[in-house]
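Me: I'm new to reading protein models. Could you walk me through this one, feature by feature?

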Amino acid sequence: YVVTGQGSTKTTANFSFTGTGFDIISRTGNDEGFIRVSVYSDAGKTNLEKRVTVLNKSESDLTLYQIPVVSVEDLSQDTHYVEIGVSAPKESTSPEYTGLENNGQFHFDAVRIYNPLNASASASATSDEGIAYAAYTADGEATPSISEVRNMLIAANTFDESANTSDPDYVEGVSFIDRTQEGATLAEYKTIGPNNEVYLTSGQAIGFKVQVDDALPASIDLGLKSADGNPVTANIAVWSDTSDTTYPEEGYGADYTIESSTAQFYNLMGTNTVSTVFADQKAIYVTVSNQNDKGILSITDLKVAYGTDTGSVQILSDPMVVERTIETVDDAATAGDDLTIYSAEFTPATVKRNKTATLTVETSTAVESLTVQNSSGSKMNITSEAVMSEDKTKKIWTVTFKATATGNQTYTVTPYGADETAGTSATATIKVTVR
């Protein structure tokens with residue numbers, strides 16, 4: 001459902017729901033508009049409960065799909081009425097709303113409702129809500145606590161042992177580790193655009209400690225999806241609370257191929273090993289990393305659910321969180337560098353002899369150097385810094401040299417990683433003329 005802003009005239013979309021909060025799912029990009037979401041407690045829309053204003057525009061040229069551009073939480077468990085106003089940015093005089101064309105659009109793709117069931121209905125076993133609540137309780141999914149990972153990341157800001165004077169080794173939140181050449185800073189997550197997610201490219205990971213009281217959750221799930229629609233490999237590793245033992249044993253810590261742009265939950269307590277460690281130590285360490293260059297991994301929510309028991313959960317960062325997260329990223333970098341050449345071509349495809357030939361090569365981000373070899377066996381070693389693409393998913397190399405041999409000349413390009421491991425070569429052909 002697409003709503004187009006009408007310049008100075010506001011257009012609207014509306015819905016009502018019963019629950020304690022909601023996410024509005026849309027896309028972000030250069031064509032999206034300026035939206036204002038108003039939540040009312042009455043159908044006549046006279047009693048305003050909350051209002052959120054968002055410029056639904058991505059800061060890059062990327063269009064991202066299935067993004068929770070607005071998230072409203074902590075409402076009363078009741079029926080609420082929502083109005084989404086869509087307008088062009090010219091209605092705002094703030095500089096941050098410039099640069100977007102008038103009549104911006106809003107793609108109303110979906111809405112996610114939080115806690116549509118009334119927990120107190122469990123006392124009325126014969127009611128529809130009571131029957132449903134009993135079923136959720138039996139399945140360990142009653143009254144789940146859902147927290148946005150991005151908010152926890154920003155709350156922690158960065159690991160700082162002086163952040164908590166009462167216990168300097170622990171801070172609330174999630175640690176972010178970046179091993180990319182042109183690394184994103186944590187502050188960018190506050191300005192990257194309207195989103196409620198954490199985005200990881202290759203070489204990035206987050207880590208956190210889950211600590212509980214005596215009541216163990218029935219499940220702890222992490223929401224993952226592909227932000228740009230490209231398949232991406234996510235590694236979720238679970239570690240013990242000791243410094244010298246890791247879990248998985250026998251390799252629990254799975255790689256998941258994420259292809260959907262709709263978030264799906266992945267259980268962190270999916271094996272007996274992890275459940276045993278959690279029961280014994282009341283804590284586990286979790287690291288999540290992007291394992292390839294081909295997509296952007298989106299981490300949405302952490303969901304903690306109980307059965308009939310309820311307990312408290314803390315999400316913490318400590319020195320071991322940082323150590324484990326760095327180890328996860330570095331192990332992936334040394335064990336599985338993706339040394340791929342996406343394209344190699346001359347521009348223009350024809351040059352005159354003794355003129356400059358320009359070869360453009362696009363590679364995965366793990367490539368640290370190139371060799372360019374002609375058909376006669378002469379080789380050039382290219383180690384000059386490449387330019388990272390705007391979406392940070394590939395490197396762009398520009399190689400220039402004088403074309404001396406005439407005719408169709410084929411060059412072989414070979415990528416190399418940091419440890420000088422070679423990837424698969426590619427070829428590019430140029431025609432060199434006498435005049």
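Me: Let's start with strands. How many bridges join β25 to strand β29, and do they run parallel or antiparallel?

Reply: First, keep in mind that this is a predicted model. The general idea: strands of a sheet pair through backbone hydrogen bonds, either parallel or antiparallel. Here, 5 bridges join β25 to β29 (residues 407–416), and the two strands run antiparallel. To see one spot, look for Gln 373, which stands opposite Thr 412 in β29.

Me: Which strand does β25 pair with through 4 bridges?

Reply: That's β26; the 4 bridges join it to β25 (residues 369–373), and these strands run antiparallel. Find Thr 371 and you'll see that its bridge partner in β26 is Asn 381.

Me: Which strand pairs with β29 over 7 bridges?

Reply: That one is β30 (residues 426–433), and the pairing is antiparallel. Gly 407 is a handy marker, as it stands opposite Val 432 in β30.

Me: In what order do the strands of this sheet come?

Reply: Read across it and you get β23-β30-β29-β25-β26, an open sheet of 5 strands with mixed pairing. The edges are β23 (350–352) and β26 (379–382), each of which pairs on one side only. Neighbouring strands here are turned by 30° against each other on average, if you ignore direction.

Me: What does the protein hold overall in helices and strands?

Reply: There are 4 helices and 30 strands. Among contacts between residues at least 6 apart in sequence, 76% join residues at least 24 apart.

Me: Now for burial. Is Val 3 buried or exposed?

Reply: The trick is to check the relative accessible area: under 20% counts as buried. Val 3 has 6% relative accessibility, so it is buried. You'll find Val 3 in strand β1 (residues 2–4). Its C-alpha is 7.3 Å from that of Ala 13, which is 10 residues away in sequence.

Me: And Thr 137, buried or exposed?

Reply: Thr 137 has a relative accessible area of 15%, so it counts as buried too. This residue lies in helix α1 (residues 128–138). Leaving out residues up to four places away in sequence, Thr 137 touches Ala 142, Gly 307 and Thr 308. Across the whole protein, buried residues make up 46% of the 435 residues.

Me: Which residues touch the most other members in the largest nonpolar core?

Reply: The general idea is that in soluble globular proteins, nonpolar side chains tend to be buried together. In this structure the largest nonpolar core has 33 residues, and Leu 224 and Ile 299 touch the most other members. Elements that each supply at least two residues include α2 (149–156), β15 (219–226) and α3 (272–281). The largest share, 5 residues, comes from β20.

Me: Which residues is Ile 299 in contact with?

Reply: Skip its neighbours within four places in sequence, and the contacts of Ile 299 include Val 149, Leu 200, Ile 206, Leu 224 and Val 288.

Me: Last one: what is the mean pLDDT of the protein?

Reply: Think of pLDDT as the predictor's confidence in each residue. The mean is 76, and 73% of the residues reach 70 or more. Some stretches do fall low: pLDDT stays under 50 over residues 96–102, for which the model has 18 contacts beyond four places in sequence. Residues 189–193 also stay under 50, with 16 such contacts.

Technical notes: Residues are numbered from 1 along each chain as its sequence is written. This is a predicted model: local features need pLDDT of at least 70, side-chain atom pairs count only at pLDDT 80 or more; totals for chains, interfaces and linings use all residues. Side-chain values use heavy atoms; hydrogens and water are left out. Buried means under 20% relative accessible area, exposed over 50%, partly exposed in between (1.4 Å probe, protein chains only). Contact means heavy atoms within 4.5 Å. Two strands pair if DSSP finds at least two bridges between them. Axes are lines fitted to C-alpha atoms, for helices over the stretch in contact, and angles run from 0 to 180 degrees between N-to-C directions. pLDDT is the predictor's confidence in each residue, from 0 to 100. A nonpolar core is a set of buried Ala, Val, Leu, Ile, Met, Phe, Trp, Tyr and Cys residues joined through side-chain atoms within 4.5 Å.
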